[in-house]
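Grab a pencil and let's work through a few exercises together. Have a look at the model first, then try each task before you read its solution.

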Amino acid sequence: MTDLESFRAETRSWLEANCPAEMRTPMRSEDDACWGGRNFQFQSEAQEQWLRVMGEKGWTVPDWPAAYGGGGLSPAETKVLREEMKAIGARNPLSSFGISMLGPALLKYGTEEQKTRFLPEIARGEIRWCQGYSEPGAGSDLAGLQTRCEDKGDHWLVNGQKVWTSYADKADWIFCLVRTSTESKHGGISFLLFDMESEGVSTKPILLISGYSPFCETFFDDVKVPKDQIVGEVNKGWDVAKYLLGHEREMISGMGLGSGSSRTLAASLGEIDDPVLAAEVALFDVDAIAFAAMSEHFIDQLKAGEAHPAMPSMMKYAGTELNKKRHELIMAAGGSDALEWDSERSRGGKAPREWLRTKANSIEGGTSEVQLGIVAKHILRLPGA
């Protein structure tokens, strides 16, 4: 038996012994996700237990170094862990922008003090982060941001506004792009971390057409931030921001995989009488299988440092388009029943609300038009792109 085969057997045995039965059932909605943080309310003892044992094992972030709360696993071992979790239907123990976005940036650009301070807390689910990037006048043109950050000697002073800040009203801390200099558009940006309970920070939810509101407006009024909470160099935060965006787009592309279940959409919907719709669903399933294979290859390349810099944009575009198509087909298959909005039978309008929510997929993390432009220029190298 090879070392990897031995690891697989040990992993399978450990998961069988430690993953609660409740955590082996599909999530019913986004409410079943475990976000962690100092104010998070667990849905059940099983959810709390699953986060705790996985955090202690370092398997919420299996490929992070053990010194920072990770599992210290190799890419091959990490892949085995994911496969074995999928085999028993195990839920993700922790959903976290700290894991999917900030963590990789800290590992690359953070000081040793920042890594040892923040990464173990992220790995254990003790701190919940939000992202302060977009502003009312700086969306696709993110480098046009105007949130000011002034050097006051012993601290930074932040004033400005962010928009579309996901879960800002629930987050403990924010990683935020601020302008520390006006001499250069890209060169005057810095990457700052601070507590959302700091005096002068306030949030206002943005109601979406789905009726749900993960997004917020976030306001900063004379917010004082310690000087050591800049990641990377002052005025060079754009480098950190771009690196993080690649990981954000990787995260969003995962929407194309759906719930993570191995069931096809056709199997989930059951018998479809309309032959045209049945054919569309079958074509979708072929695309979904191809995307899953491509996604696995992409993750392997990314972990090995071999992925093309523009690949996250390609995967983000493909994943979001696939996710939108999935929900359009679910609505089509449901007929008029799928339009129910508040009934108990429809689980509070789950299908139409999730369908409407997918419309934002084309905007968040960089619009589809921006992603296509990046692919055209950097992968296809089209003339004039």
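**Exercise 1.** Work out why Cys149 has no disulfide partner.

*Solution.* Start with the distance: the closest cysteine sulfur to that of Cys149 sits in Cys176, 8.6 Å away, which is too far for a bond. The cut-off here is a pair of cysteine sulfur atoms within 2.5 Å. Next, check the surroundings: Cys149 has 4% relative accessibility, so it counts as buried (under 20% relative accessible area is buried, over 50% exposed, in between partly exposed, with a 1.4 Å probe and protein chains only).

Before you go on, a note on the ground rules. This is a predicted model, where local features need pLDDT of at least 70 and side-chain atom pairs count only at pLDDT 80 or more, while totals for chains, interfaces and linings use all residues. Residues are numbered from 1 along each chain as its sequence is written, and side-chain values use heavy atoms, with hydrogens and water left out.

**Exercise 2.** Do the same for Cys34, then give the disulfide count.

*Solution.* Step one: from the sulfur of Cys34 to the closest cysteine sulfur, in Cys19, is 13 Å, again too far for a bond. Step two: Cys34 is buried too, at 2% relative accessibility. Step three: the count by this rule is 0 disulfides.

**Exercise 3.** Describe where Gly36 sits and what surrounds it.

*Solution.* First find the loop between helix 1 (3–18) and helix 2 (45–57), since Gly36 is there. (Helices are DSSP runs of H or I, at least four residues, and strands are runs of E, at least two, numbered from the N terminus.) Now look at its cover: Gly36 has a relative accessible area of 5%, so it is buried. Then list its contacts (heavy atoms within 4.5 Å): setting aside neighbours within four places in sequence, Gly36 touches Leu94, Gly125 and Arg128. Finally, jump along the chain: Glu126 is 90 residues from Gly36, yet their C-alpha atoms are 5.9 Å apart.

**Exercise 4.** Zoom out and sum up the whole protein.

*Solution.* Begin with the parts list, which is 11 helices and 8 strands. The radius of gyration is 21 Å, close to the 21 Å from the globule rule for 385 residues, so the protein is as compact as a globular protein of that length. (That radius is taken over C-alpha atoms, and the rule is 2.2 Å times the number of residues to the power 0.38.) Last, buried residues account for 46% of the 385.
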